[in-house]
2 protein chains.
Amino acid sequence: MPTIKDVAKLAGVSTATVSRVLNGENVKEENRRRVEEAVKRLNYSTNTLARALKTNKTMTVGVIVPDLSNVFFTTIAKGIEKALHPYGYSIMVCDSDESIEGEREKIAFLKDKFVDGIIIIPVGDQQLYLKRLQDDGTPIVLVDRLIEDIQADAILVDNINGAYDAVEHLIVNGHRRIGLISGPQHIFVGKERLIGYERAYTDYQLSIDPKIIRYGDLHIESGYKLMNELLDLPSPPTAIFAANYYMSIGAIMAANERHINIPEELSFIGFDDMELTRVIKPPLTVVVQPMDKMGQAAAELIYKRMMGDNSGPFPTILRLKTQLIKRESVKKIN
Amino acid sequence: MPTIKDVAKLAGVSTATVSRVLNGENVKEENRRRVEEAVKRLNYSTNTLARALKTNKTMTVGVIVPDLSNVFFTTIAKGIEKALHPYGYSIMVCDSDESIEGEREKIAFLKDKFVDGIIIIPVGDQQLYLKRLQDDGTPIVLVDRLIEDIQADAILVDNINGAYDAVEHLIVNGHRRIGLISGPQHIFVGKERLIGYERAYTDYQLSIDPKIIRYGDLHIESGYKLMNELLDLPSPPTAIFAANYYMSIGAIMAANERHINIPEELSFIGFDDMELTRVIKPPLTVVVQPMDKMGQAAAELIYKRMMGDNSGPFPTILRLKTQLIKRESVKKIN
DNA sequence: TTGTACGCGTTATCAC
DNA sequence: GTGATAACGCGTACAA
């Protein structure tokens with residue numbers, strides 16, 4: 001590998017001049033030409049490690065997601081990538097494996113790699129490590145979920161109104177017993193979507209039956225299990241709202257197995273619009289999160305912070321709107 | 001940030017001694033104790049950038065996948081991560097965006113980051129950049145697909161026999177007109193699975209009707225489109241074999257829309273066992289690839305190479321077996 | 001066993 | 001505009 005010294009020697013100038021040419025500073029035209037010539041001849045490219053050691057900038061942003069095999073998360077990561085690329089920044093995607101410990105480990109790893117910023121979809125409601133990093137001046141942007149004990153910029157989804165819209169749609173269609181397959185209450189979005197559910201009930205002056213609210217862990221299996229529990233109730237719901245994508249899948253699977261006809265016998269609203277919701281028969285009515293936009297917004301925000309732009313409020317918390325896409329899984333009842 | 005000098009000063013020894021302690025070499029017990037004490041007091045950790053600059057080892061492996069929002073790929077990436085972690089290696093996951101150009105860019109990026117090895121699911125059938133890296137001594141492991149003009153270790157799936165098993169199963173169940181929703185022929189697995197299809201037909205002395213072989217681009221939409229084309233044929237197939245996961249989804253979606261009953265009116269075998277195949281009614285018979293094992297095998301192989309172990313043949317090409325999981329989407333016909 | 005001094009490749013700071 | 005050189009933080013001959 002040729003170094004800047006080799007280039008300097010070949011071009012007959014000092015390394016400083018080469019560095020200046022490389023960084024687009026003012027250099028005599030003649031020297032610039034010779035340096036560029038030498039760079040080409042030697043096929044030289046700057047050693048990013050050495051540069052980073054000196055400048056404390058790696059031009060890299062760390063992205064931590066809870067699960068790399070979850071499309072929702074990776075789609076967001078992809079959105080971040082796409083938005084950061086034009087700025088010359090690259091990302092390192094890590095998997096926290098849905099655990100605080102894994103998260104801690106990945107944060108340490110990214111810190112080790114001297115990333116210039118971290119975008120994270122956190123798994124718990126606290127993370128001391130993050131706070132420490134933040135105090136050291138590394139910009140942090142939270143996505144999808146908030147952490148209680150930390151003041152950080154965040155890109156969120158308006159979960160409350162997202163869930164509200166779904167439940168309201170069911171109520172307007174005559175449903176009074178709406179089963180909720182909820183996320184866990186220690187996770188931010190789980191809490192919020194439950195609030196949306198409750199608020200819709202309250203606004204329509206209906207009373208809530210806690211027995212038809214069930215808490216899962218966001219995975220297929222728990223959607224499957226909770227759907228079965230709800231359908232086994234002496235007086236089962238006439239409609240179900242599943243509060244995330246994978247639990248929606250599990251729930252549908254359970255309904256299928258029991259040969260329950262949607263929407264004839266049971267109305268259903270799911271969450272997120274990915275492969276499944278397009279292939280299911282009937283097409284599912286769903287609450288859709290703008291995953292691309294989430295990634296993009298996170299990227300823009302962290303870029304701004306990395307540039308040292310601290311204008312605007314701190315923390316800046318963006319709430320992106322969801323969309324209720326009405327298809328054929330909801331039936332109007334008396 | 002404390003440096004090794006700070007530690008040396010506090011411990012009253014030289015930086016060399018500190019370095020030795022850090023790297024577990026022989027040091028007088030007393031000094032070791034004092035150094036460890038100082039490390040703890042200062043909360044020191046070695047600067048990986050500086051170390052990498054000196055040693056030319058970053059303890060990082062680059063992983064390039066064609067699409068970060070494709071579960072098949074990210075599941076493999078996750079498997080790699082899990083297997084490499086115990087060795088102290090971390091991974092950088094990149095998205096080549098299904099393009100040669102994107103791939104080239106990511107390879108350059110990883111080279112810039114001085115990764116110690118690259119595991120890649122390639123998108124085309126050539127890649128000069130890779131060859132160059134390999135010539136520079138960076139271990140490369142191909143996953144899922146081979147590249148024609150390169151000699152490299154690879155972890156593949158026995159696509160030929162995987163497809164063969166599926167088609168054979170349909171033939172044994174009386175089907176003679178088996179529609180194939182194939183991948184593109186410029187992609188390795190597309191070619192191989194077609195061969196498996198053809199071989200099964202040949203072995204059973206049946207003649208192939210090229211009209212019921214259709215070529216898609218591996219995405220949902222093309223599965224959907226090709227399924228419709230096949231069903232619109234004057235004499236449509238009695239069974240369909242879709243040669244990847246997303247095209248399977250699209251195909252099923254098309255069948256659903258046309259209210260075609262599987263397996264009563266049409267038998268179906270899909271590829272890979274992920275969310276969809278578990279939720280579809282009826283449960284789908286599928287050819288399953290061992291994604292976890294693929295990731296793990298790739299990790300083990302590249303680790304071996306990074307350790308300088310060149311035993312075994314070069315290139316080492318592993319063929320992992322697929323499994324035909326028989327469920328309820330195939331009907332025996334006369 | 002330990003310490004010194006230098007190298008890694010780049011950038012920043014100064015004189016010129 | 002340019003060149004020499006210190007500095008970044010670590011690893012490692014080499015001498016002690």
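A polar contact is a pair of N or O atoms within 3.5 Å, and this idea will help as you walk through the structure, which is a predicted model.

Begin by selecting DNA strand C together with Tyr44(A), where an N or O atom in the side chain of Tyr44(A) is 2.6 Å from a phosphate oxygen of the strand. Next, move to chain B and show the backbone of Ser14(B), where a polar atom is 3.0 Å from a phosphate oxygen of DNA strand C; then do likewise for Lys28(B), whose backbone also places a polar atom 3.0 Å from a phosphate oxygen of that strand.

Now colour the elements that give two or more residues to the surface near DNA strand C, which are α1 (4–11), α2 (15–22) and α4 (48–55) in chain A, along with α2 (15–22) and α4 (48–55) in chain B. Among these, pause at α4(A), which gives the most to that surface, with four residues.

With the whole surface near the strand selected, colouring by class should show eight nonpolar, 10 polar and six charged residues. Turning to the DNA itself, you can select the atoms of strand C within 4 Å of the protein, of which 64% belong to sugar or phosphate and the rest to bases.

Finally, leave the DNA and look for the largest nonpolar core, which has 201 residues, and in which Met227(A), Phe241(A), Met227(B) and Phe241(B) have the most contacts. In soluble globular proteins, nonpolar side chains tend to be buried together. Select Phe241(B) as the last stop and display the residues it touches, including Ala163(B), Leu170(B), Ile181(B), Phe271(B) and Val287(B).

Technical notes
Residues are numbered from 1 along each chain as its sequence is written. Chains are lettered from A and ligands numbered from 1 in the order in which they are written. This is a predicted model: local features need pLDDT of at least 70, side-chain atom pairs count only at pLDDT 80 or more; totals for chains, interfaces and linings use all residues. Side-chain values use heavy atoms; hydrogens and water are left out. A residue is near a molecule or strand if one of its heavy atoms lies within 4 Å of it. A polar contact is a pair of N or O atoms within 3.5 Å; within protein, one must be able to donate a hydrogen and the other to accept it, and residues adjacent in sequence count only if both atoms are side-chain atoms. Ala, Val, Leu, Ile, Met, Phe, Trp, Tyr, Cys and Pro count as nonpolar, Asp, Glu, Lys and Arg as charged, and the others, Gly among them, as polar. A nonpolar core is a set of buried Ala, Val, Leu, Ile, Met, Phe, Trp, Tyr and Cys residues joined through side-chain atoms within 4.5 Å. Buried means under 20% relative accessible area, exposed over 50%, partly exposed in between (1.4 Å probe, protein chains only). Contact means heavy atoms within 4.5 Å. Lists of a residue's contacts leave out its neighbours within four places in sequence.
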